[in-house]
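Visitor: I have a few questions about how the terms are used for this model. Could you walk me through them?

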Amino acid sequence: MIRHFLPLGTNSTIPSFGRQTLATICASDRTAVLLDAGSGVGRLMERSARDFLLGYESLSVILSAYTPDRLAGLFCLAELWQKKLIVYAPFPPPPAMNGALGSTFEMNLWSSVLLRCSSFANCTVVNVLERTFRIDGVQVTLLRYTDPRAPIGIRLDDDLAYITNAGLSPSEDRKSVV
């Protein structure tokens with residue numbers, strides 16, 4: 001059961017006015033999960049954010065999209081978090097974002113982020129191809145949007161639904177989101 005929740009970044013696309021891009025820690029008694037790894041991850045340098053993770057031996061990261069506002073903090077997370085780090089990478093990134101330039105940038109960013117993360121001894125990358133999976137007893141359900149380029153939604157047990165864009169696919173059960 002998710003008992004604690006700490007938003008590290010709530011802004012979208014560009015950090016502004018002291019708000020960082022998406023990064024939210026959700027924690028149960030024994031599991032800490034970071035939803036997205038935007039620039040808000042840098043707040044782990046603050047004592048209050050570090051103290052929030054005291055006692056956890058691992059940190060699981062679930063990415064909702066492969067865009068800079070959700071990946072930027074992954075570059076420094078492996079440096080800031082010295083314990084076991086597991087990055088769950090749901091579904092392959094879409095082959096095209098907004099034309100050739102967007103696709104090239106996205107794929108290069110995706111590759112460099114995971115290669116950098118994988119090069120740290122304490123980091124493991126798990127490619128997730130299933131709609132549901134478990135992280136230390138926490139049931140994770142991935143929710144798709146009508147636009148395949150949009151970030152996915154993430155549901156943790158029956159405690160939290162992380163929805164960052166409107167327009168869930170009609171095939172998603174609305175009751176499972178509310």
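Guide: Gladly, and do keep in mind that this is a predicted model. Let us begin with aspartate 157: beyond its neighbours within four places in sequence, aspartate 157 is in contact with Met1, Gly137, Val138 and Gln139.

Visitor: What makes these residues contacts of aspartate 157?

Guide: Contact requires heavy atoms within 4.5 Å, and Met1, Gly137, Val138 and Gln139 each count as in contact with aspartate 157.

Visitor: Where is aspartate 157 placed?

Guide: Aspartate 157 is in the loop that joins strand S9 (153–156) to strand S10 (160–162).

Visitor: Why is aspartate 157 said to have no salt bridge?

Guide: A salt bridge needs a side-chain nitrogen of Lys or Arg within 4 Å of a carboxyl oxygen of Asp or Glu. The nearest side chain of opposite charge, arginine 134, is 4.9 Å from aspartate 157, so the cut-off is not met. Aspartate 157 is nonetheless buried.

Visitor: How do you know that S9 and S10 pair?

Guide: Pairing takes at least two bridges; S9 and S10 have three, in the antiparallel sense, so they qualify. Leucine 156 stands opposite leucine 160 in S10.

Visitor: Why is S10 called an edge strand?

Guide: Four strands form an open antiparallel sheet in the order S7-S8-S9-S10. Strand S7 (132–135) and S10 each pair on one side only, and that makes them the edge strands. From one strand to the next, the twist averages 25°.

Visitor: How many helices and strands does the chain have?

Guide: The chain has four helices and 10 strands, and 50% of its 178 residues count as buried.

Key. Residues are numbered from 1 along each chain as its sequence is written. This is a predicted model: local features need pLDDT of at least 70, side-chain atom pairs count only at pLDDT 80 or more; totals for chains, interfaces and linings use all residues. Side-chain values use heavy atoms; hydrogens and water are left out. Helices (H or I, at least four residues) and strands (E, at least two) are DSSP runs, numbered from the N terminus. Buried means under 20% relative accessible area, exposed over 50%, partly exposed in between (1.4 Å probe, protein chains only). Lys and Arg count as positive and Asp and Glu as negative; His and the chain ends are not counted. Axes are lines fitted to C-alpha atoms, for helices over the stretch in contact, and angles run from 0 to 180 degrees between N-to-C directions.
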